[in-house]
Amino acid sequence: MAEDSEAEKTEAASERRLQQAREEGDVPRSREVGTFTVLMVSGAALYVMGSSMAAKLGTALKSGLSLTREQVYNPDILITRILTDIVNVLVTFLPIGVAVMLVALISPIFVGGWLFSAKAFMPKFSKLNPINGISNMVSKNSLVELLKAIVKTIVVGSVAYLVIMKHKDAMFGLANESLDHAIVHMLDMMAMSFLYLVGALGFIAAVDAPYQMWHYANKLKMTRQEMIQESKENDGNPQIKGKIRQMQREMAKGRMMQDVPTADVVVTNPTHYAVALKYADGSKGAPKVVAKGADEVAAKIRELAKEHKVAILEAPPLARALFKHTEIGDEIPARLYAAVAEVLAYVYQLRAYRPGGRYPDRPTELDVPADMDPNNPASQKKPE
């Protein structure tokens, strides 16, 4: 037995496979649903507007057969008269035409949804293979379509027979009615009969739609090996993923460096760590970390801070705590509010300092909880 035989396709189609099928224009479709909706709306419109349409068509017919001497001998007037009658007939049928067009556009929503795929328009030379054509003629799907056609013929034929028997006497009685009344009566019977026949097609559509959905899902089923292979492809090559992560880090680092000049202060270790903080005046939130780094990245942050005259404060415990417990874009932890507030107060005093005034005192004893400093032995103790 072949490895990818139908018997081995036991796994439901993955999202990726379903998406690929849609891209190729392969979605579940039920022609019976489309036929039923279009015919049902056409019949309903004919039933509702049949009387007025009959009257308008009767008027157009009388107008077309009633010609004056001037119209007969003057081609220009005759052509204008004929064109006017044609326009009147077209306007009479316009509501039904618009309704049918709208339903034809909307009906695909019921099974498969709307879809436009350029790949579906591309020629496939495999379809010209006579061997494939013969195999499709004797396939299980062809047998189902044949059975469906037989059932449709039986159902519609039976309903048609019952409708004819019901209106038999009324149809023979049309000869005894006046022309105007006979036309209206005939159109009403035709519309009602049409609705009965389309209602019979509704039974076929109600069965065909679930079958087409089941057949589509069954057709796209996958073998266990295909699922494993797709999973590997989704996971990707570890080297490629590593390269992507490296590029993402480089991009994040570039954006981070752009934010350093906007910081209020850079807290350093002094050489190993550097964390840039920013606090927006009037903000309801806490100060945020706009950049952080170690070693070479820390050196670059300090260099940018000096270049853009951003205050730099050596506070090793605070720098270590911020580096360990925050990420870029995070607000500082609540337990570090007091220490950071003291740092920001010092920075604001520096900005307000003028020569001749009292120079601000650099903060030395910042309130950093011992368990938040990774170099403090207290942070290494496990909770009891």
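The following exchange concerns helix H6, its residue Val163 and a pocket in a predicted model.

Reader: How do you know which features of this model may be described?
Author: The model is predicted, and local features need pLDDT of at least 70, side-chain atom pairs count only at pLDDT 80 or more, while totals for chains, interfaces and linings use all residues. Residues are numbered from 1 along each chain as its sequence is written, and side-chain values use heavy atoms, with hydrogens and water left out.

Reader: What makes up the chain in terms of helices and strands?
Author: Twelve helices and four strands are present; these are DSSP runs (helices H or I, at least four residues; strands E, at least two), numbered from the N terminus.

Reader: How do you know that the span of H6 agrees with its number of residues?
Author: The expected span is 1.5 Å times one less than the number of residues. For the 34 residues of H6 (residues 140–173) this gives 50 Å, and the end C-alpha atoms are 49 Å apart, so the two agree.

Reader: Where does H6 bend?
Author: The bend, of about 55°, is at His167; a bend is the angle between axes fitted to the seven residues ending at a residue and the seven starting there.

Reader: Why is Val163 called buried?
Author: Buried means under 20% relative accessible area, exposed over 50%, and partly exposed in between (1.4 Å probe, protein chains only). Val163 has a relative accessible area of 9% and is therefore buried. Lys148 and His167 of H6 are buried as well, and 28% of the 384 residues of the chain count as buried.

Reader: What does Val163 touch, and against what do the buried residues of H6 pack?
Author: With contact meaning heavy atoms within 4.5 Å, Val163 touches Ser193 and Tyr196, not counting residues up to four places away in sequence. The C-alpha atoms of Val163 and Tyr196, 33 residues apart along the chain, are separated by 7.6 Å. The buried residues of H6 pack against helix H2 (31–65) and helix H7 (179–219).

Reader: What makes up the lining of the second largest pocket?
Author: The lining has three nonpolar, four polar and six charged residues; Asp, Glu, Lys and Arg count as charged, Ala, Val, Leu, Ile, Met, Phe, Trp, Tyr, Cys and Pro as nonpolar, and the others, Gly among them, as polar. Of the 13 lining residues, Val27, Arg29, Gln212, His215 and Lys219 lie nearest the centre. The largest share, four residues, comes from H7.

Key. On a 1 Å grid over the protein atoms alone, a cavity is a set of points where a 1.4 Å probe fits but cannot get out, and a pocket is an open set with protein on both sides within 12 Å along at least five of seven lines; lining residues have an atom within 4 Å of a point.
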